Amino acid sequence: MTNFHIRPGAEVAAALRAGRPVVALESTIVSHGLPRPDNLRVAREIEQAVRDAGAVPATIGMIGGELVVGLDDTELTRLATADGVSKLSVRDLAVAAATGADGATTVAATSAVAAAAGIGVFATGGLGGVHREAAQSFDESADLITLARTPIAVVCAGVKSILDVGATLERLETLGVAVVGYRTRRFPGFYLTDAGFDLDWSVDSPEQVADVLAARARQGVHGGGLIVANPLPVDEQLDPELHDRTLAEGLALLARDGVTGKAVTPFLLSHFHSATEGASLAVNVRIILRNADLAGRIAVAAARRDSA
Ligand code: PSU
Ligand code: MN
């Protein structure tokens, strides 16, 4: 069990004490996943989407070595605009804390910290996963192994389409991470509605997700995460042809520039944003806002169930 030293924001602390619905949000999409200056505006809109759904947003990040659950607007601005904000996965948290760093938490780090803070629902854009050619590079996001160990529901639009989606689904199965489609039996591909893979399970409502979470707790399945895959409607996805072309270019640039490790994901996302002249950014923002809304409604349903 983790024992993070966490500083909850005042509103989040009060909500958790009172059993009110809270949704965790990550900060890596803000500092590394979205281009400036849109990133700060979008970060605020994500929080507002959670509020509109009836829950309290808790954006998680590290400020001067302190893990904050529920960044205030000054802190959010700092992570969105300062230079030298590190991208923090779980393994980085102790080093960053000890050195007094500013850092943005990935899906992995956000999940681990949120669960330790007692938050059960988390919204993001797309999960990390197995990269293409991972058989040579061994590049698999720590998001997967962390979700195998962390009891949290993550609402996402599948995994980023820059990844090997089939291999990622296989790894999720091996790692014991449950995956349900939200009103679909096809796994979404982030920018694209459908990544080309079937899902075993589909749920129809926030209440049904809350039922799943309650059943897992009753069964004693405390270990792992639940992925709620929420696809974009077809008419809102990125043009698939533009998507495929941009991805091929991005992968070629990645190889040319020798980009590896944790720089891979931000590099490809940034290539998409510039090469599609903002089209992928608009889609990315829609994805996150829709996920924040659904996560908010799931948190409300779960809180209602707990207090019944
Ligand atoms: N999804 C997005 N934008 C992002 C990410 C996901 O739409 O920036 C981030 C998340 O924080 C995720 C991380 O955890 O990318 C995965 O990085 P890596 O592949 O290096 O593990
Ligand atoms: Mn990686």
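In which helix is Val-165 found?

**Conventions.** The model is predicted, so that local features need pLDDT of at least 70 and side-chain atom pairs count only at pLDDT 80 or more, while totals for chains, interfaces and linings use all residues. Residues are numbered from 1 along each chain as its sequence is written, chains are lettered from A and ligands numbered from 1 in the order in which they are written, and side-chain values use heavy atoms, with hydrogens and water left out.

**Exercise 1. Place Val-165 and describe its surroundings.**

Step one: Val-165 is found in helix α9, residues 165-175, where helices (H or I, at least four residues) and strands (E, at least two) are DSSP runs numbered from the N terminus.
Step two: with a relative accessible area of 9%, Val-165 is buried, a word that stands for under 20% relative accessible area, whereas exposed stands for over 50% and partly exposed for values in between (1.4 Å probe, protein chains only).
Step three: setting aside residues up to four places away in sequence, Val-165 touches Val-159, Phe-187, Ala-195 and Phe-197, contact being heavy atoms within 4.5 Å.
Step four: Phe-197 lies 32 residues from Val-165 along the chain, and their C-alpha atoms are separated by 8.3 Å.

**Exercise 2. Describe the shell around ligand 1 and its polar contacts.**

Step one: there are 17 residues around ligand 1, and those that come nearest are Glu-26, Lys-87, Ser-141, Asp-143 and Thr-265; a residue is near if one of its heavy atoms lies within 4 Å.
Step two: a polar side-chain atom of Glu-26 lies 2.5 Å from an oxygen atom of ligand 1, and for Asp-143 the corresponding distance is 2.8 Å, as it is for Thr-265 at 2.8 Å.
Step three: the protein covers 94% of the 480 Å² of accessible area that ligand 1 has on its own, with areas taken from the Shrake-Rupley method and a 1.4 Å probe.
Step four: the elements that give two or more residues to this shell are α2 (28-33) and α12 (264-275), and α2 gives the most, with three residues.
Step five: the shell divides into four nonpolar, eight polar and five charged residues, where Ala, Val, Leu, Ile, Met, Phe, Trp, Tyr, Cys and Pro count as nonpolar, Asp, Glu, Lys and Arg as charged, and the others, Gly among them, as polar.

**Exercise 3. Identify the nonpolar cores and examine Leu-127.**

Step one: a nonpolar core is a set of buried Ala, Val, Leu, Ile, Met, Phe, Trp, Tyr and Cys residues joined through side-chain atoms within 4.5 Å.
Step two: the largest has 56 residues, and Leu-127, Phe-187 and Ile-227 have the most contacts inside it.
Step three: beyond residues up to four places away in sequence, Leu-127 touches residues including Val-107, Asp-143, Leu-147 and Ile-227.
Step four: a second, separate core of 38 residues includes Leu-34, Val-42, Ala-43 and Val-155.

**Exercise 4. Compile what is known of helix α13 from Ser-280 and Val-285.**

Step one: Ser-280 lies in α13 (residues 279-307), and it counts as buried because its relative accessibility is 0%.
Step two: the side chain of Ser-280 makes a polar contact with the side chain of His-273 at 2.8 Å; such a contact is a pair of N or O atoms within 3.5 Å, and within protein one must be able to donate a hydrogen and the other to accept it, while residues adjacent in sequence count only if both atoms are side-chain atoms.
Step three: Val-285 has its place in α13 as well and, at 12% relative accessibility, counts as buried.
Step four: leaving aside neighbours within four places in sequence, Val-285 is in contact with Val-42 and Glu-45, and its C-alpha atom is separated by 9.7 Å from that of Asp-38, 247 residues apart along the chain.

**Exercise 5. Examine the backbone geometry at Pro-37, Glu-133 and Arg-183.**

Step one: most residues other than glycine have a negative phi, and most peptide bonds are trans.
Step two: the peptide bond from Arg-36 to Pro-37 is cis, with omega near 5°, and Pro-37 lies in the loop between α2 and α3 (38-52).
Step three: Glu-133, although not a glycine, has a positive phi of about 65°; this residue is found in the loop between β7 (121-123) and α7 (134-137) and counts as exposed at 62% relative accessibility.
Step four: Arg-183 has a positive phi near 60°, lies in the loop between β9 (178-182) and β10 (186-189), and counts as exposed at 57% relative accessibility.
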